[in-house]
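Reader: Got a minute to go through this one with me? I'd like the short version.

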Amino acid sequence: MSTPTEPGRPDVVVCPGGPLLLRGDHVVEDAEGRVHRTSRPVSAVCRCGKSSVQPWCDGTHKVLPSKLRP
Ligand code: FES
C-alpha cells in the first residue's frame with residue numbers, strides 16, 4: 001500500500017550515526033544486487049554495515065563505538 005508523501009516533506013531522512021529512514025514505497029538494492037521492496041510507512045536502511053537483517057537496520061549501530069557509526 002502506498003503512503004503518499006506530504007508536499008515538501010522529505011521521503012528520505014539521514015539519521016546521524018544511524019540509518020536512512022525511507023517514508024513510503026521504495027525499492028532498495030543491496031550490496032549483492034538483491035532487490036528489496038518496502039511499503040511500510042517508515043523503513044530504516046542500515047548505513048553502518050553491521051545489521052544482521054541487511055539491508056535493513058536492526059539497531060546494532062546503537063552499540064557500536066562512535067567512530068564506527070555512519
Ligand atoms: S544503521 Fe542501524 S544497524 Fe546499521
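Reader: Start with His 61. Buried or exposed?
Author: His 61 is buried, because its relative accessible area is 12% and the cut-off for buried is under 20%. Keep in mind that this is a predicted model.

Reader: Noted. Where in the chain is His 61 found?
Author: His 61 sits in the segment after strand E5, and E5 covers 42-45.

Reader: What is His 61 in contact with, leaving aside its neighbours in sequence?
Author: Setting aside residues within four places in sequence, His 61 contacts Gly 17, Gly 18, Pro 19, Cys 48 and Arg 69.

Reader: A cysteine in there. Is Cys 48 buried or exposed?
Author: Cys 48 is buried, because its relative accessible area is 16% and buried means under 20%.

Reader: And Cys 57, what does that one count as?
Author: Cys 57 is partly exposed, at a relative accessible area of 22%.

Reader: How many disulfides turn up in the whole structure?
Author: Zero disulfides, and that search covered the whole structure.

Reader: OK, zoom out. How many helices and strands does the protein chain have?
Author: Zero helices and five strands. Read along the sequence, the pattern is β-β-β-β-β.

Reader: How much of the chain counts as buried?
Author: Of its 70 residues, 27% count as buried. The accessible surface comes to about 4900 Å², and 55% of that belongs to carbon and sulfur atoms.

Reader: What does the C-alpha trace span?
Author: About 35 × 25 × 15 Å along its principal axes.

Reader: What about contacts between residues far apart in sequence?
Author: Take the contacts between residues at least 6 apart in sequence: 24% of them join residues at least 24 apart.

Reader: Charges next. How many positive and negative?
Author: There are 10 positive and 7 negative charges, and their mean positions are 9 Å apart.

Reader: Back to E5. Which strand is joined to E5?
Author: Strand E2, residues 20-23, is joined to E5 by four bridges, and the two run antiparallel. Within that pair, Leu 21 stands opposite Ala 44.

Reader: Which residues of E5 are on the covered face?
Author: Ser 43 and Val 45 are on the covered face, while Val 42 and Ala 44 make up the uncovered one.

Reader: Why do the residues alternate like that?
Author: In a regular strand, side chains alternate between the two faces of the sheet.

Reader: So Val 42 is on the uncovered face. What does its accessibility say?
Author: Val 42 counts as partly exposed, because its relative accessibility is 42% and the partly exposed range runs from 20% to 50%.

Reader: What does Val 42 touch?
Author: Leu 21, Leu 22 and Arg 23, not counting residues up to four places away in sequence. Val 42 and Ser 52 are 10 residues apart in sequence, and their C-alpha atoms are 19 Å apart in space.

Reader: Other strands now. How do E3 and E4 pair?
Author: E3, residues 26-29, pairs with E4 in the antiparallel sense over four bridges. Val 28 stands opposite His 36 in E4.

Reader: How many residues lie between E3 and E4?
Author: Five, and the two strands form a hairpin. In the turn, Gly 33 has a positive phi of about 85 degrees.

Reader: Which residues form the two faces of E4?
Author: E4 runs over residues 35-38, with His 36 and Thr 38 on the covered face and Val 35 and Arg 37 on the uncovered one.

Reader: Now Lys 50. Where does it lie?
Author: Lys 50 lies in the segment after E5. Lys 50 counts as partly exposed, at 49% relative accessibility.

Reader: Which residues is Lys 50 in contact with?
Author: Thr 60 and Leu 64, leaving aside neighbours within four places in sequence. The C-alpha atoms of Lys 50 and Arg 69 are separated by 9.6 Å, with the two residues 19 apart along the chain.

Reader: Which peptide bond is cis?
Author: The one from Gln 54 to Pro 55, with omega near 5 degrees. Pro 55 is also found in the segment after E5.

Reader: Last one. What about Asp 11?
Author: Asp 11 is in the segment before strand E1, which is 12-14. Asp 11 counts as partly exposed, at 33% relative accessibility. Its C-alpha atom is separated from that of Val 27 by 13 Å.

Methods. Residues are numbered from 1 along each chain as its sequence is written. This is a predicted model: local features need pLDDT of at least 70, side-chain atom pairs count only at pLDDT 80 or more; totals for chains, interfaces and linings use all residues. Side-chain values use heavy atoms; hydrogens and water are left out. Buried means under 20% relative accessible area, exposed over 50%, partly exposed in between (1.4 Å probe, protein chains only). Contact means heavy atoms within 4.5 Å. Two strands pair if DSSP finds at least two bridges between them. A disulfide is a pair of cysteine sulfur atoms within 2.5 Å. Accessible areas come from the Shrake-Rupley method with a 1.4 Å probe; for residues, only the protein chains shown count as cover. Lys and Arg count as positive and Asp and Glu as negative; His and the chain ends are not counted. The place of a charge is taken as NZ of Lys, CZ of Arg, CG of Asp or CD of Glu.
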